[in-house]
Amino acid sequence: MADFVDRRYAAVQSMAQQNLISPDQPAVGIVDLEAIRDQIESLNWAFASIPDTMHMVACKSVTLVPLLRFLADQGMGCEVASPGEFAMAEAAGFPADRIVLDSPAKTLAEIRHCLTVGAAMNIDSYQEMARVERLREEIDTASVIGVRVNPVVGSGSIGEMSTATTTTKFGIPLIDEASREELVDAIAARPWITQLHVHSGSQGIPLELAAEGISRIVALAESVNEKVGRQQIVRLDIGGGLSVNFTSDEITPTYHDYADVIEKTAPELFSGKYTVLTEFGRSLLAKAGSIATIIEYTKKVGQRDFAIGHAGAQTATRTVFMPKSWPLRVSAFQGDGTPSRTENRIQDLAGPCCFSGDMIGREYVIPELAPGDIALIHDTGAYYFSTPFAYNALPRIPVYAYTVDDAGEVTWTTIRRQQTIAEILAEAGEDVRLEVPAPAGS
Ligand SMILES: Cc1ncc(COP(=O)(O)O)c(C=O)c1O
């Protein structure tokens, strides 16, 4: 089925008919594989004029091995930022030379593993540069080694997601001309550093600001190459960070929009001189995913109408804690998965957690929800159902992938089962008994 909105309608109906959402499993994540494939295709097209590219998915946006495996099968690479993410990328089948390790706190063991298997890495600080230099004497490595640069171009609309300011922990900053020269000298003195990396932030970063950050690392690469009199820097990793439109089903900005702005600001990136790497997460996956929740109760509180469901901070953590920065759209369905036909009403959608702020959003103008209906929370395919928060010992919600054929038939694959109560108890140390020695003389 061609259109991802039509596929979503078919999926919600099928999900209800097949009892994938039920009183025993009242909050469910669903993901449209064709929508992901379409985004990969548009990413490939947008940068197709660059002769050598490697597009990676940012693992943090989708820490689910079957989805990572699907992305590996589509020819993507994987950007990882912890030992767990590295293990997931390896389990998903990404070859080592298509994995890049970024993190501001890489341990000796992590760096050793990365160099041993031959994955690439981006050094985040001068101390880490010294550590990698020492380890390279011990380990005969095929790893491409880069440096993450903070281009200090400023903040986007969400301060917490901006990484190119004077107050961020990431990368080696280009604070002034002296710091720039120091970095050029440090890289020029280490011919094994052949890649530069920039990621100016995620969500809320204007295209022009991100492109300016990229143009600063292109200029830095040119300075290093000029200084050593040959092309030492051969790869440029331009990070991810393309914002997602959470206000409608329209995909905007597109990868093409971004590539156009980058080409105007940093034309050398498209010259063919450099291999170009990208690390997108949210823009690849957000629109492919939704969270469905059964409405358990509705109630009136003064003038407000509340619908209380089962998706809250345990799966929509960012939205619940920072509602102004991360608003989500909601649609109303009947219990059988068909769109609700009741009159529109202004309603607040609450989650199950025991704190007042556990709200998916307020003042939605949607068909009136009743107990047993389904609320669908849109654009949650990145960083939401894959990144649970264990508050109130709520289970990790199940996640299913779907495809829809031309006849509207939906095929489901289980990506992750709902966590069981037995698993929650085991993780909570069910078998451990604590004792304090009896006081002496008692
Ligand atoms: C280094 C790095 N690369 C890529 C990404 C992915 O960003 P986004 O999901 O906004 O594309 C992140 C997100 O935090 C990041 O820190």
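Analyst: A polar contact is a pair of N or O atoms within 3.5 Å; within protein, one must be able to donate a hydrogen and the other to accept it, and residues adjacent in sequence count only if both atoms are side-chain atoms. This is a predicted model, where local features need pLDDT of at least 70 and side-chain atom pairs count only at pLDDT 80 or more, while totals for chains, interfaces and linings use all residues. Residues are numbered from 1 along each chain as its sequence is written, and side-chain values use heavy atoms, with hydrogens and water left out.

User: What makes Ser202 a polar contact of the ligand?

Analyst: A side-chain N or O atom of Ser202 is 3.0 Å from a ligand oxygen. That pair therefore falls within the 3.5 Å limit. Gly281 has a polar backbone atom 2.9 Å from a ligand oxygen. For Arg282, a backbone N or O atom lies 2.8 Å from an oxygen of the ligand. The protein buries 92% of the 400 Å² that the ligand exposes when taken alone (Shrake-Rupley areas, 1.4 Å probe).

User: Which residues surround the ligand most closely?

Analyst: Gly241, Glu279, Gly281, Arg282 and Tyr383 are the closest of 15. To be near, a residue needs a heavy atom within 4 Å. The shell has six charged, six polar and three nonpolar residues. Asp, Glu, Lys and Arg count as charged; Ala, Val, Leu, Ile, Met, Phe, Trp, Tyr, Cys and Pro as nonpolar; the others, Gly among them, as polar.

User: Where does the ligand sit, and why is that space called a pocket?

Analyst: The ligand takes the space of the largest pocket. Sitting there requires more than half of its atoms within 2 Å of the grid points. A pocket is an open set of points on a 1 Å grid over the protein atoms alone, with protein on both sides within 12 Å along at least five of seven lines. Its volume is about 700 Å³. Of 37 lining residues, Lys60, Met161, Ser202, Arg318 and Tyr383 lie nearest the centre of this pocket. β10 (275–280), α10 (282–285) and α11 (317–321) each give two or more residues to this lining.

User: What makes a space a cavity, and how many are there?

Analyst: In a cavity a 1.4 Å probe fits but cannot get out. Three cavities have 30 Å³ or more. The largest holds about 80 Å³, and its 13 lining residues include Gln39, Ser243 and Ile251. The second largest has about 50 Å³. Its lining residues include His199, Gly241 and Tyr258, and no charged residue is among them.

Key. On a 1 Å grid over the protein atoms alone, a cavity is a set of points where a 1.4 Å probe fits but cannot get out, and a pocket is an open set with protein on both sides within 12 Å along at least five of seven lines; lining residues have an atom within 4 Å of a point. Grid points are joined across faces, edges and corners, and a volume is the space filled by probe spheres set on the points. Helices (H or I, at least four residues) and strands (E, at least two) are DSSP runs, numbered from the N terminus.
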